[in-house]
Amino acid sequence: MQLTAKPSLNNALLISVCTPELRGKEAAESLAELARLVTTLGFKVVGTQSQNQSSTRRVNVLGLGKLAEIAQLTGNQGVIEAEEDGEDELDDDLDYGLDYDLDMASVPSDNLPLACADIVVFDCDLSPSQLRNVENQLGVEVFDRTGVIIEIFSRHARTKTAKLQVEIARLNYVAPRLRETSTGDREHQMGKGAGETTLELNRRNVRDQLAELKRQLVSVQEEMKGRRTQRSENFCVALVGYTNAGKSSMMRAITGSDVEGENKLFATLDTTVRALFPITHPRILVSDTVGFIKKLPHDLVASFHSTLAEAHDASLLLYVVDASDPSFRKQLDVVHEVLEEVGVEGSKKLLVLNKSDQLSVEQQAELMVEFPDAMLTSARDPKDIAKLHKYIVGISEEGMLQEEIVIPYTANGIVGEIRNSMSVTKEEYEFDHVKLTVRTSEVGLARLKKRMLDL
Ligand SMILES: Nc1nc2c(ncn2[C@@H]2O[C@H](COP(=O)(O)OP(=O)(O)OP(=O)(O)O)[C@@H](O)[C@H]2O)c(=O)[nH]1
Ligand SMILES: [Mg+2]
């Protein structure tokens, strides 16, 4: 399943199911985030509807009355049918509603859509049968939150690894949702096994595709592992955090690179590695990673294990948060949970409270009281970037060793190599040799000593 309709033509109606687990302000924030996800896909959010339910597991997700209301907003193209157990009344006595005034400038609150909606998006996960039921009742395409996130990932994946990872997650999501495309007759056509329906054939195709993609992924992962091993001598910093926090912008600023930073969710899906700029000796490598979001589909988290391996190997983790977003504390919790799930720890951590340019002086002061160990930055302020650069260099030097190396003039070539890869703090020229005091990582020093023995 893919969002097939042309984005420019699609008006989306968003549905929030308020439950005891997700209600009030949290449900409203989640719906605002869904609106951003849907907008990232190029759809126009024309309205929102919410309903209180004791859970999201009802056969039709919503009560029949609400479904009928929504059907009117989508042009009455479906057939409303009562649930078999007759449980079709609203849970009116519950009150988990969206009674919060959120800053949802682009999201019309619970009201009639401005235009007839041609897709409906639920801010929760729907089982394959729920999705089918609601789609039949409303007569328009219905998506759940996971479907939307997977579609964004599919569209934004650039590198081979990301494409493979996302396609595996997408097929795993699609497989149970495949429907019979013909009347279900047992057809005997080319390529079909005897007695296989179109649905069975499609499922078999998906299984075959999945097996092939997994095989390809294993081979690319091996290659990536090789490249990471080559880098293991360098001090590595990884930028991690919620989507849209400003990781790529920070990456661009501290490495002087052209890494894309965009005001859309999940702009980055591939880990990019660049050297810290101004260049240090030895070089410090910085990696930008995929952003996280609440209720990130499990399959996607799992599929990004290898991409996040960069963060796994990092000596310093920079937790970038959008400090101007009122819900950044909850977003930070999500980041911690996902990183824990994929086993990323990192020896050192720094909380980077980004987008400080959007905060008043008072707000900035309050944040520093709340997070005394954090660094307040704006990726747009060169002074902040210089401060972060200095911090990173300082931390990288903590783990370095200093040693005097005597190099005979006969082996002069090695001096250039040392200057390129290590920090030289002192040089003393004698009659037949030069004595360099170098600072570098333990691994780098061991490699140099071995090289000197081989001379
Ligand atoms: N005002 C302000 N905007 C910022 C700052 N840093 C980043 N932004 C903006 O925030 C948006 C998201 O920035 P990105 O750098 O793409 O965020 P990201 O964390 O890489 O996002 P994903 O790749 O989706 O995970 C862009 O529009 C940036 O221009 C900042 O310090 N101040
Ligand atoms: Mg990014």
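## A walk from strand E3 to helix H14

Strand E3, helix H3 (residues 128-138) and strand E4 together make a right-handed β-α-β unit, and this is a convenient place to begin reading the structure, which is a predicted model. Strand E3 covers residues 119-122, and both of its faces are covered, with Ile119 and Val121 buried on one side and Val120 and Phe122 buried on the other. The arrangement of these four residues follows a general pattern, because in a regular strand the side chains alternate between the two faces of the sheet.

Strand E3 also has partners. Strand E1 (residues 11-18) pairs with E3 in the parallel sense over four bridges, and within this pairing Ala12 stands opposite Ile119. Strand E4 (residues 141-143) runs parallel to E3 as well and is joined to it by three bridges, with Val120 of E3 standing opposite Val142 of E4.

Just beyond these strands, the side chains of Asp123 and Arg145 meet in a salt bridge, with 2.6 Å from N to O. Asp123 lies in the loop between E3 and H3, whereas Arg145 belongs to helix H4 (residues 145-156), so this pair ties together parts that are 22 residues apart in sequence. Which side of the 20% limit for a buried residue do these partners fall on? Asp123 counts as buried because its relative accessibility is 2%, and Arg145 is likewise buried because its relative accessible area is 1%.

Another kind of charged contact involves a ring, for the charged end of Arg177 sits over the ring of Tyr173, 3.8 Å from its centre.

Further along the chain, the reader can look at aromatic rings that face each other. A pair of aromatic rings is described by the distance of the centres and the angle of the planes. The count comes to one aromatic pair, formed by Phe328 and Phe371, which is tilted, with 5.9 Å from centre to centre and 50 degrees between the planes. Phe328 lies in helix H10 (residues 328-341) and Phe371 in the loop between helix H11 (361-370) and E10, so the pair ties together parts that are 43 residues apart in sequence. Phe328 is buried, with a relative accessible area of 2%, and Phe371 is buried too, with a value of 17%.

After that loop comes strand E10 (residues 375-376), where Met375 is found. Met375 counts as buried because its relative accessibility is 11%. What does Met375 touch, leaving aside its neighbours within four places in sequence? Its contacts are Leu350, Leu351, Val352, Leu353, Lys387, Leu388 and Tyr391. With Leu350 the C-alpha atoms are separated by 7.4 Å, although the two residues are 25 residues apart along the chain.

One of those contacts, Lys387, leads to a further salt bridge, in which its side chain meets that of Asp384 at 3.9 Å, N to O. The two residues are three residues apart in helix H12 (residues 382-398), which means that about one helical turn separates them. Lys387 is partly exposed at 39% relative accessible area, while Asp384 is buried at 12%.

A salt bridge between more distant parts of the sequence is formed by Lys449 and Glu403, whose closest N and O atoms are 2.7 Å apart. Lys449 lies in helix H14 (residues 442-453) and Glu403 in strand E11 (residues 401-408), so this pair ties together parts that are 46 residues apart in sequence. Both are partly exposed, Lys449 with a relative accessible area of 37% and Glu403 with one of 27%. Elsewhere, salt bridges that share partners join Lys25, Glu29 and Lys330 into one network, and the structure holds 17 salt bridges.

Note on methods:
Residues numbered from 1 in each chain as written. Chains lettered and ligands numbered in written order. Predicted model: local features only at pLDDT ≥ 70, side-chain atom pairs only at ≥ 80, totals over all residues. Heavy atoms only, no water. Buried < 20%, exposed > 50% of the residue type's maximum accessible area, 1.4 Å probe, protein only. Contact = heavy atoms within 4.5 Å. Phe/Tyr/Trp six-rings, centres within 6.5 Å; stacked < 30°, edge-to-face > 60°. Lys NZ or Arg CZ within 6 Å of the ring centre and 35° of its normal. Pairing = 2+ DSSP bridges. Right-handed = clockwise from strand over helix to strand, strands pointing away. Salt bridge = Lys/Arg side-chain N within 4 Å of Asp/Glu carboxyl O.
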